[in-house]
Amino acid sequence: MKKVLILEDEDSIRSFVVINLRRAGFEPVEAATGQAALDALRADPEIRVALLDVMLPDIDGFEVCRRIRAEDKNVGIIILSARGQEMDKITGLVSGADDYVTKPFSTAELTARIDALYRRTGEEPAPVRTDELRQGPFLLNTRTRVLEKNGERIKLTQTEYALMQIFMLNPGTAISREELLSDVWGRDYDGDDKVVDVNIRRLRIKLEEDSTAPQYLSTVWGFGYQWNA
Ligand code: CA
């Protein structure tokens with residue numbers, strides 16, 4: 001059973017999501033407070049995707065997200081943001097979320113996003129000729145999914161790893177936002193491509209000496225991004 005944590009303090013919304021997750025073949029684990037969600041994730045390593053509401057009575061969803069990321073880089077995180085809260089999307093992604101869904105969401109949309117994330121977090125490494133890609137100061141091991149820079153491990157989320165694998169398999173090649181979106185978030189992803197930009201910004205902070213003057217991960221204006229190492 002694919003376990004999914006649902007953190008939502010409003011009982012009616014939580015029950016609605018739970019019923020629909022069950023119907024879609026997931027096993028929902030419920031939490032009504034941020035602390036309960038953190039405890040549930042610690043107690044049950046089989047939970048691979050977490051849905052986090054933002055407005056909660058104790059710790060807000062973004063802080064829950066940051067704390068999960070501090071402990072576990074592998075769990076997939078979807079922020080449930082309120083309608084019109086554009087900033088929620090950005091804040092959520094910056095705090096380490098993989099995706100966001102705006103309320104009110106359709107069940108089909110939510111389960112499609114969870115499915116895509118489940119595939120990504122549980123994916124076997126893509127078959128490549130070698131296990132190790134060495135470029136400049138970077139070494140990417142596609143078997144262990146570990147990235148090192150000058151021998152030091154750089155901690156990546158699964159989404160960031162998926163992006164890095166695409167870049168390092170295609171060095172010196174401009175890759176469009178649409179292609180990154182479709183390869184990493186799935187062909188059916190109907191969110192906007194800001195999610196790509198925010199993940200690139202996060203990667204730059206981790207990889208570059210100066211993230212405002214990127215040396216490795218450059219912007220191809222009006223198109224996408226290019227890896228040069
Ligand atoms: Ca709430």
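Let's start with a loop: Asn150 sits between strand 8 and strand 9 (152–154). Keep in mind that this is a predicted model. Phi of Asn150 comes out near 50°, a positive value in a residue other than glycine. That is worth a second look, because most residues other than glycine have a negative phi. How accessible is Asn150? Its relative accessibility is 59%, so Asn150 counts as exposed.

Step back along the chain and you meet Arg145, in the loop between strand 7 (138–141) and strand 8 (146–149). Arg145 also has a positive phi, near 55°, and again the residue is not glycine. Is Arg145 buried or exposed? With a relative accessibility of 17% and a cut-off for buried of under 20%, Arg145 counts as buried.

There's one more backbone feature to check. A cis peptide bond links Lys103 to Pro104, with omega at about -5°. Most peptide bonds, by contrast, are trans. Pro104 belongs to the loop that runs between strand 5 (99–102) and helix 5 (107–122).

Strand 5 brings us to the sheet. This is an open sheet of five strands in the order 2-1-3-4-5, with parallel pairing. Its edges are strand 2 (26–31) and strand 5, each of which pairs on one side only. On average, neighbouring strands here are turned by 25° against each other, direction ignored. Zoom in on strand 1 and strand 2: they run parallel and are joined by six bridges. If you want a residue pair to look for, Ile6 has Glu30 in strand 2 as its bridge partner.

Now add the helices. Helix 1 lies across strand 1, strand 2 and strand 3, and runs at about 160° to strand 2. Helix 2 (residues 34–43) lies across strand 1, strand 2 and strand 3 too, running at about 160° to strand 1.

That leaves the calcium ion. Which protein atoms act as its donors? They are OD of Asp9, OD of Asp53 and the O atom of Met55, lying 2.1 to 2.3 Å from the ion. Along the sequence, the donor residues follow the spacing D-x43-D-x1-M. Asp9 lies in the loop between strand 1 (2–7) and helix 1 (11–23), while Met55 lies in the loop between strand 3 (47–53) and helix 3 (61–71), so this pair ties together parts that are 46 residues apart in sequence. As for accessibility, Asp9 is partly exposed at a relative accessible area of 27%, whereas Met55 is exposed at 67%.

Technical notes. Residues are numbered from 1 along each chain as its sequence is written. This is a predicted model: local features need pLDDT of at least 70, side-chain atom pairs count only at pLDDT 80 or more; totals for chains, interfaces and linings use all residues. Side-chain values use heavy atoms; hydrogens and water are left out. Donors are N, O and S atoms within 2.8 Å of the metal (3.2 Å for Na, K and Ca); water is not among the atoms, so sites may look incomplete. Helices (H or I, at least four residues) and strands (E, at least two) are DSSP runs, numbered from the N terminus. Buried means under 20% relative accessible area, exposed over 50%, partly exposed in between (1.4 Å probe, protein chains only). Two strands pair if DSSP finds at least two bridges between them. Axes are lines fitted to C-alpha atoms, for helices over the stretch in contact, and angles run from 0 to 180 degrees between N-to-C directions. Contact means heavy atoms within 4.5 Å.
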